[in-house]
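User: I am new to reading protein structures, and I would like to learn how to read a few common features. Could you take me through them slowly?

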Amino acid sequence: MAPPSANEVVAGGKDDQVANLGDKPVPVPTPPIVRNLILRSMCGVYLVAFLSFYAQAEGLYGNSGILPANRILANGTLQERLNLLQLAPLVGLDTQSAIDLFCLVGCVIAFMGLVFPHLCRLVSFISLWTLYFSLVQISQSFRQQSDEMLLEAGFLCILLAPAKLSDPRGPIEGLAMLLMKWLLFRYVFASGSVKLASGCPMWWDLTGLKKHFETMPLPTSYSWYTFQQPDGIHKLSTIYVYVSELVCSWLFFAPNQRVRMFSLWWQVFLHLNIIGSGNYGFLSLIVMTLLLTLVDDRELVRPVKEESKEDKTGAMTVKAIAVLMTLGTWLVFGVGYKNGEMVFKLLFNRSQYLNMMQMMVQLAPLLVMGLMVQKFLKVVTKQTGTTNVADGIRKLTENWQLFLPTLAAFIVLFTSIVPHFQLTQSTAISSSIFTKPYNGLHNMFVVNQYGQHLIKMRPKRVEIILEYSDDLSGPWKEYGFQYKPWNEAGSMPYAWVYFPRFDFKFYDASATKPTSQKWLYPMVQRLLQNNQAVTKLFDQSHIPPGPPKFIRASLYEFRFTSWFDGNSTTFWTRERLNDYFPAYSLDDGFLETKLDDVGIPEKPIPSEALNLPVKLLLDAVRNFVAIFEGSFLVLGVLAAAIAMIVTQKRD
């Protein structure tokens, strides 16, 4: 075997393999395979996110869209934040063209990083984060949790990414990977802890998951089939979710690889079901990418048949954990049989749960802090010519290229404690020493809070149905939606990883009054004008051929049909409840007043683009892409990327 090059020879450690160089064994590190997989996967997530944003941008944020982005760019709303869209006039583009340009540039960078791994480098992730941050800032009412989580994970990728993918491990790679694992834990643990902490009776009687299948934002046909399971299976599934999020999440920090892999596959199974049952877009893709931090490089490069003492210990530990989790779950949730049916009786109350949760909330940051200090000391002691820790810290502060990302890593850790501690009222932090830095980073979506949408389960599914007519006495016809349930005969399409944020927003609106949803009024006004950019957001087979004179909205309660009813042709039954808002017309002046209140112009702001060649090119691309529905666009681009990757491997 040829001796390793000078670049391959580094200081030894338990993560290193050993090679012989002459008579002296020299440790050689395993290649940073996991780091590269994470970066490449994040490029894939960014690609899906940019494509999803682009597919709906014209109707949501364009010059004639529902919430025009040029409105908030012009009124100073973003003056405290740097947004690259503010530079659009310098290159002769209007806001709508700049949004298209940002989306397409982001798609190209992400696509290239996904297909050609050597392009997954630091400058790429700085560009991706900056572009998506600029877009999320103008998303306004349509911003969702997945946007914030992508920006937080994307920022950590900036700390993780090397200048070149072929570079060996960076000094702070361990810190960045741990922060990603901490983000994963915060999201998973928060998603589980708030359910029972809320006191919602459906989470406590273990019926929450069954109700969730029926009331989730954008269910799929898989949701209907899972809803038909026996109640005992649903309750066991709810317990499985609790164990996954409250117990299994702690195994992310296990020192043994086998234990971490056990928790990884446990979470993969959970999130594959989440992806299948609901149209959540790229949210679970982010989680699946963060799960890669649980994998050890050594696991991927060593021979399959090779089994170390650590592996045998880990295998025994996994078996012990599985047995303890099964027995503990069976006892704590009082699982038993009565009259041929499964029965459950929780052996703890809400007060006991909150006490336990408080302890876990306080323990998690201490655990991560200890691991961060351990990895920091490793960074310090590996400085060239270092004789002790104090000398290593001094040299670290003199190397700004290493000191700044290390400092950023610890700032992110300390500020992330604030949203984590807000999971319970008793642990919430009020000190400005922590809250001010957190608020600053949260404004940039570098650190965020998760799990709040799961606090209370909705007791029933209520949908907003839009209706149009040319006469107040009718007949009234309904607007069709692409992914939102809206009629009994409609199917529940699967969006795959595409995120239909417009349909998703109606779920939020249905639980509130229309006055709290400012985007509704400009949407109605655009529909009364038969604005093509907005009507494209709907099912094209169920929109009026011309501008209607009146539009109103009604609230309907939707329920899943039963497998046992013998009706296999529909998924839903529905019943009208009441009006959501009355019939509006362009002639009554009400919409004009409402639009003035929220600062949205009644008529679209004319284009100010001066760079006509670029604008015409962007318009041509949009006209071509408009042929494809959003989910097919995302699937087509991903299929092209996969085909190119497979072709490369064959070559």
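Analyst: We will go through burial, salt bridges, aromatic pairs and surface patches in turn, bearing in mind that this is a predicted model.

User: Let me begin with burial: is F506 buried or exposed?

Analyst: A residue is called buried when its relative accessible area is under 20%. F506, which lies in helix 19, has a relative accessibility of 0% and therefore counts as buried. The helix around F506 is mostly covered as well, since eight of the nine residues in helix 19 (residues 501–509) are buried. Among the buried residues of helix 19 are R501, D503 and K505, together with F502, F504 and Y507.

User: Which other residue has a relative accessible area of 0%?

Analyst: One such residue is Y132, which is buried because its relative accessible area is 0%. Y132 belongs to helix 4 (residues 122–137). It is also useful for comparing sequence with space, for Y132 and C103 are 29 residues apart in sequence, while their C-alpha atoms are 8.0 Å apart. For F506 and P201, the separation along the chain is 305 residues and the C-alpha atoms are separated by 25 Å.

User: Now to salt bridges: how many salt bridges are counted here?

Analyst: Side chains of opposite charge can pair when their charged atoms come close. In this model the count comes to 22 salt bridges. One of them joins E173 and R35, whose closest N and O atoms are 3.8 Å apart. Because E173 lies in helix 6 (residues 173–197) and R35 in helix 1 (residues 33–61), the pair ties together parts that are 138 residues apart in sequence. E173 and R35 are both buried.

User: Which residue meets K195 in a salt bridge?

Analyst: The partner of K195 is E245, with a distance of 2.9 Å from N to O. This pair also links distant parts of the chain, since K195 is in helix 6 and E245 in helix 10, 50 residues apart. K195 and E245 are both buried.

User: And where do K615 and D619 lie?

Analyst: An α-helix has 3.6 residues a turn, so residues three or four places apart point the same way. K615 and D619 both lie in helix 23 (residues 612–625), where they are four residues apart, about one turn of the helix. The two form a salt bridge, and their closest N and O atoms are 3.6 Å apart. K615 has a relative accessible area of 15% and so is buried, whereas D619, with a relative accessible area of 25%, is partly exposed. Salt bridges can also share partners, and in this way D391, R394, K395 and E398 are joined into one network.

User: How many aromatic pairs does a search of the whole structure find?

Analyst: The search finds 52 aromatic pairs. To read such a pair, look at how far apart the ring centres are and at the angle between the ring planes, where planes under 30 degrees apart count as stacked. The rings of F53 and Y61 have their centres 5.2 Å apart and their planes at 20 degrees, so this pair is stacked. F53 and Y61 are both buried. Another stacked pair is Y240 and W266, with 5.3 Å from centre to centre and 15 degrees between the planes. This pair links distant parts of the chain, as Y240 is in helix 10 (residues 231–247) and W266, 26 residues apart from Y240, is in helix 11 (residues 257–277). Y240 has a relative accessibility of 23% and therefore counts as partly exposed.

User: Finally, the surface: which residues form the nonpolar patch?

Analyst: V373, L377, V389 and I393 form the nonpolar patch, and together they have about 270 Å² of accessible area. Helix 15 (350–381) and helix 16 (389–398) are the elements that give two or more residues to this patch. V389 is found in helix 16, and its relative accessibility of 37% is why V389 counts as partly exposed.

User: Which residues gather in the patch of negative charge?

Analyst: On the surface, E592, D596, D597 and E602 gather in that patch. D597 belongs to helix 22 (residues 590–597), and because its relative accessibility is 56%, D597 counts as exposed.

Terms used. Residues numbered from 1 in each chain as written. Predicted model: local features only at pLDDT ≥ 70, side-chain atom pairs only at ≥ 80, totals over all residues. Heavy atoms only, no water. Patch = residues over 30% accessible without salt bridge, like charges linked within 9 Å, V, L, I, M, F, W, Y side chains within 5 Å. Areas by Shrake-Rupley, 256 points an atom, 1.4 Å probe, with all protein chains shown as cover. Salt bridge = Lys/Arg side-chain N within 4 Å of Asp/Glu carboxyl O. Lys, Arg positive; Asp, Glu negative; His and termini not counted. Charge placed at Lys NZ, Arg CZ, Asp CG, Glu CD. Buried < 20%, exposed > 50% of the residue type's maximum accessible area, 1.4 Å probe, protein only. Phe/Tyr/Trp six-rings, centres within 6.5 Å; stacked < 30°, edge-to-face > 60°.
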